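Colleague: Could you take me through how the labels in this model were assigned? I would like the reasoning behind each one.

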Amino acid sequence: MKRIAIFASGSGSNAENIIQYFSGSDEVEVSLILSNKKDAFVHERAKKMGIPSYTYNKKEFDEAELILETMRQYEIDFIVLAGFLLKVSHPILVAFPNRIINIHPALLPKYGGKGMYGERVHRAVVDAGEKESGISIHYVNEHYDEGDIIFQATCKISSNDSFDDVAQKVHQLEYKHFPQIIEKLVLNK
């Protein structure tokens, strides 16, 4: 059994989708949720779905000692970022080489980097008059949104789409593709 930890900072809709996807699997399970925000709604979703969740502050994520100890306790094999807003620290990157992935709500390398997440990304895409957007699933390295891209999927944007419309289209791509790509990577398929 391969065990995943999800790092999340927000509502956890992607985390819930991933948990549901693997709920009947004999090969992969979501074993743990870690967050940097104690009031993040992802904790409520985890509780409802029977997944342990913990909160650590930025300093604890940066130093990583407590995080890595928790990961060892749960025998974590792979880390998935799902709306996690902190940069992953060097000790965690070293402990999980090529075993940490993120999903970004745009077609990288456009609209990535520090501070580019959620609504900010969708507003920037609409403001730039882009004709398409999408998702980028990528490995995590020491720079925001600069790890090697594993997978991208696109959606069309019409001239009258609001940033909310774009967000809805991108969320559909996330829910459809992210769990499948995670499964392929975790199981080396």
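Modeller: Gladly, and do keep in mind that the model is predicted. Let me begin with R3, which is partly exposed at a relative accessible area of 23%.

Colleague: What makes R3 and E75 a salt bridge?

Modeller: Their closest N and O atoms are 3.7 Å apart, and the cut-off is 4 Å, so the pair qualifies. R3 sits in strand β1 and E75 in the loop between α4 and β4, so the bridge ties together parts 72 residues apart in sequence. R3 and E75 also belong to a network of salt bridges with E29.

Colleague: Why is R45 called buried?

Modeller: Its relative accessible area is 18%, and buried means under 20%, so R45 falls in that class. E16 is buried as well, at 11%. The two side chains meet in a salt bridge, 2.5 Å from N to O. R45 lies in helix α2 and E16 in helix α1, so this pair ties together parts 29 residues apart in sequence.

Colleague: How do you know that R123 and E119 are about one turn of the helix apart?

Modeller: Both lie in helix α6, four residues apart. They form a salt bridge with a closest N to O distance of 2.9 Å. R123 has a relative accessible area of 37% and E119 one of 44%; partly exposed runs between 20% and 50%, so both fit that label.

Colleague: And which residues of α7 do E119, H122, R123 and V126 in α6 meet?

Modeller: They meet F163, V166, A167 and V170. The residues of this contact divide into five nonpolar, one polar and two charged.

Terms used. Residues numbered from 1 in each chain as written. Predicted model: local features only at pLDDT ≥ 70, side-chain atom pairs only at ≥ 80, totals over all residues. Heavy atoms only, no water. Contact = heavy atoms within 4.5 Å. Helix = DSSP H or I, 4+ residues; strand = E, 2+ residues; numbered from the N terminus. Nonpolar A, V, L, I, M, F, W, Y, C, P; charged D, E, K, R; others polar. Buried < 20%, exposed > 50% of the residue type's maximum accessible area, 1.4 Å probe, protein only.
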